[in-house]
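Q: Please take a close look at one part of this model and walk me through it in a connected way, from the single residues outward to the whole chain.

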Amino acid sequence: MSDSRLYLFSPETKEKLRKFRLGTSRAKDAQAIISDEYHIDIIDAKTQEIRPQDDEVYSKMEDLADDLPDSSPRFILLSYPMTTKDGRPSVPYVLLYWLPENCNPMQRMSYANAVELMRSSAQVNRVIEVEADEDIIDIKSKLTGSD
């Protein structure tokens, strides 16, 4: 069975994903959303639906790291403006897959099964797995490949 049959995105989630992607393409500061704000990655066990709830956007990686749960996986959409080594402006749009070491195995499996659907629905090209607060705070090094 394909991921698209396992999980569903509500129309509200699809619209919020589109608006976030379009709205962050020219942002001057980092922009991130996580499940506690959008419930993008909270998978309803009964309906297998992935749906939005709130509208908070993070611009500081420290705040984002502080709000991530210690024992539950999350998907985080991140738009991170920066300058490339050759001086060109760049705004990587990536999916961070928060997977702390002490996750519940059932949650870990649910999220693992939904990664590709989340990646394609959010229209990101790159997925970066992060396990600790430091991975979030120092995300620029992963984005530039200098980690």
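A: P73 sits in the loop that links α4 to β4, and in this predicted model the residue is buried, because its relative accessible area is 0%, under the 20% cut-off for that class. Although P73 and M109 are 36 residues apart along the chain, their C-alpha atoms are separated by 9.9 Å.

S71 belongs to the loop between α4, which spans 61–67, and β4. S71 counts as partly exposed because its relative accessibility is 36%, a value between the limits of 20% and 50%. Once its neighbours within four places in sequence are left aside, S71 is in contact with P100, N102, C103, N104 and Q107. A further link across the sequence is given by S71 and L99, which are 28 residues apart along the chain and whose C-alpha atoms are separated by 8.2 Å.

The loop leads into strand β4, residues 74–79, which pairs with strand β7, residues 93–98, in the antiparallel sense over six bridges. Within this pairing, R74 stands opposite W98 of β7. W98 also has a bridge partner in β8, namely V130, and β7 and β8 pair in the parallel sense over five bridges.

S79 likewise has its place in strand β4. S79 is buried, because its relative accessible area is 1% and the cut-off for a buried residue is 20%. A polar atom of the S79 side chain lies 3.1 Å from the backbone oxygen of T24. If residues up to four places away in sequence are not counted, S79 touches T24, D29, A30, Q31, V91, P92 and Y93, and Y93 falls within the stretch 93–98 that makes up β7.

Stepping back to the sheet as a whole, β4 and β7 are two of four strands that form an open sheet in the order β2-β4-β7-β8, with mixed pairing. Its edges are β2, at 31–33, and β8, at 126–130, each of which pairs on one side only. On average, and with direction ignored, neighbouring strands of this sheet are turned by 25° against each other. Helix α5, formed by residues 105–122, packs on the sheet and touches β4, β7 and β8, while its direction makes about 175° with that of β7. Q107, one of the contacts of S71, lies in the 105–122 stretch of α5, and M109, the residue paired with P73 in the C-alpha separation of 9.9 Å, also falls in that helix. Taken together, β7, α5 and β8 make a right-handed β-α-β unit.

For the setting of this part, the protein chain contains seven helices and eight strands. Buried residues make up 41% of its 147 residues, and P73 and S79 are among them. Of the contacts in the protein chain with a separation of 6 or more, 66% are accounted for by residues 24 or more positions apart. The protein chain exposes about 8200 Å², of which carbon and sulfur atoms supply 45%.

Methods. Residues are numbered from 1 along each chain as its sequence is written. This is a predicted model: local features need pLDDT of at least 70, side-chain atom pairs count only at pLDDT 80 or more; totals for chains, interfaces and linings use all residues. Side-chain values use heavy atoms; hydrogens and water are left out. Two strands pair if DSSP finds at least two bridges between them. Axes are lines fitted to C-alpha atoms, for helices over the stretch in contact, and angles run from 0 to 180 degrees between N-to-C directions. Contact means heavy atoms within 4.5 Å. Buried means under 20% relative accessible area, exposed over 50%, partly exposed in between (1.4 Å probe, protein chains only). A polar contact is a pair of N or O atoms within 3.5 Å; within protein, one must be able to donate a hydrogen and the other to accept it, and residues adjacent in sequence count only if both atoms are side-chain atoms. A crossover is right-handed if, with the strands pointing away from the viewer, the path from the first strand over the helix to the second runs clockwise. Accessible areas come from the Shrake-Rupley method with a 1.4 Å probe; for residues, only the protein chains shown count as cover.
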